[in-house]
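Open the model in your viewer and keep the sequence panel beside it. We will go from the whole chain to single residues, one selection at a time.

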Amino acid sequence: MSKCAPQEALRDLDRAFRNFFRDRKEGRKVGFPRFRKKGRDDRFRLTGSIRVRERAVQLPRLGLIRLKEVPRVQGRIRSATVSREADRWSVSLTVERELPDPMPVQGPAAGVDLGIDHFATVAGDDGTVATIEAPRPLRRVLRVLRRRQRRHSRKRTGSRNRRKSALRLARLHRRVRHIRRDFLHQITTRLAKTKRAIVVEDLNVSGLLKSPTLARHIADMGWHEFRRMLAYKCTWYGSQLLVANRYFPSSKMCSCCGHVRERLALDVRAWDCPVCGAHHDRDVNAARNLLAMAR
Ligand SMILES: [Zn+2]
């Protein structure tokens, strides 16, 4: 084993504590750094002389490791992270390279509302409204996942059958993760490359208010990743990302006259404005309000 693995792990631990104390000092609510035990989420990071070959990667102390994929690397390799997902291993390389400042994107500004029924509703200032659905295979796999989870929990602890079902479950989790990640990559790239400005709502609000069910937890995971990807891709491709204030009533305000409703139940999908009479689809209205912030 390379000396890097424990070194880098300690570096991560150091950063975890620094962040924890800094955030606490600034009065933010943060959890104590969590211990990551062996066997769950296994990974280690290596630095030093890392080289990429035709279909292999050369790692310090480990030597030449064959790959399933042909690596595409541009720039200077800083580190390699080797990780395990269920029964598969992968390596990701961190590279450093200079990127030219992107040209500002020529395209409409857009408001993006994230929801449960549809993954996202996008309203553009060119008058277009589009709904983005989460991929169907994801929903199908999630159903199977719930069933397997149940089945797994009935196996006796420490038994061979439990181990087997744990692996099956882990593979399924991996699949769900990959389908979701692929979907998120596709939509965030498309948005960042085609919209001049993108307005999204503050996640704390949308996450907490919309639905207290399991569906929310599932969607929630996607939302944070969506925001994270969108943020860095906007800088890459030259789009502008704006985040609405957490008290901005994106759902409760009429996008025609600006009237703000006192309340709007979670299950109300459509409503009529009592002041101007406009008929609103809940998500489309929210997306339009967010769009208005871009102006
Ligand atoms: Zn109105």
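The tour below starts with the overall layout, then visits two sheets and a nonpolar core.

**Before you click**

This is a predicted model, in which local features need pLDDT of at least 70 and side-chain atom pairs count only at pLDDT 80 or more, while totals for chains, interfaces and linings use all residues. Residue numbers start from 1 along each chain as its sequence is written.

**Stop 1: the whole chain**

Show the protein chain as a cartoon: you should find six helices and 13 strands. These are DSSP runs numbered from the N terminus, with helices being H or I of at least four residues and strands E of at least two. The C-alpha trace spans about 70 × 55 × 40 Å along its principal axes. Of the 295 residues, 18% count as buried, where buried means 20 or more other C-beta atoms within 10 Å of the residue's own, exposed means 12 or fewer, partly exposed lies in between, and C-beta atoms are placed from the backbone.

Now colour by domain, using bounds from an automatic or database domain assignment. Domain 1 covers 4-96, and domain 2 combines 110-144 with 172-294. Taken over C-alpha atoms, their centres are 32 Å apart.

**Stop 2: a three-stranded sheet**

Select residues 51-52 and 63-66, which are β2 and β4, then add β3 at residues 56-59. Together they form an open antiparallel sheet in the order β2-β3-β4; strands count as paired if DSSP finds at least two bridges between them. β2 and β4 are the edge strands, each pairing on one side only. Between β3 and β4 there are four bridges, and Gln-58 stands opposite Leu-64.

**Stop 3: a five-stranded sheet**

Next, display the open sheet with the order β9-β8-β7-β10-β11, whose pairing is mixed. Its edges are β9 (129-132) and β11, each with a single partner strand, so one side of each has no neighbour in the sheet. From one strand to the next the twist averages 20 degrees.

Zoom in on β10 (residues 197-200). Which of its residues point the same way? Ala-197 and Val-199 point one way, Ile-198 and Val-200 the other, and all are buried. In a regular strand, side chains alternate between the two faces of the sheet.

β10 runs parallel to β7 (residues 110-114), joined by three bridges, and parallel to β11 (residues 240-243) over four bridges. Click on Ile-198: Ala-110 stands opposite it on the β7 side, and Leu-241 is its bridge partner in β11. For the antiparallel part, look at β8 and β9, which pair over four bridges; there Ala-120 stands opposite Ile-132.

**Stop 4: the largest nonpolar core**

A nonpolar core here is a set of buried Ala, Val, Leu, Ile, Met, Phe, Trp, Tyr and Cys residues joined through C-beta atoms within 7 Å. The largest has 26 residues, and Ala-110, Val-112, Ile-198, Val-199, Ala-287, Leu-290 and Leu-291 touch the most other members. Elements supplying at least two residues each include β7, β10, α3 (160-194) and α5 (214-237). The largest share, five residues, comes from α6.

**Last stop: α6**

Select α6 (282-294). This helix lies across β7, β8, β9, β10 and β11, at about 140 degrees to β7; axes are lines fitted to C-alpha atoms, for helices over the stretch in contact, and angles run from 0 to 180 degrees between N-to-C directions. Finish on Leu-291, whose contacts beyond its neighbours within four places in sequence are Ala-109, Ala-110, Gly-111, Ala-123, Asp-125 and Val-199. Contact means C-beta atoms, placed from the backbone, within 7 Å.

How values were computed. Contact = placed C-beta atoms within 7 Å.
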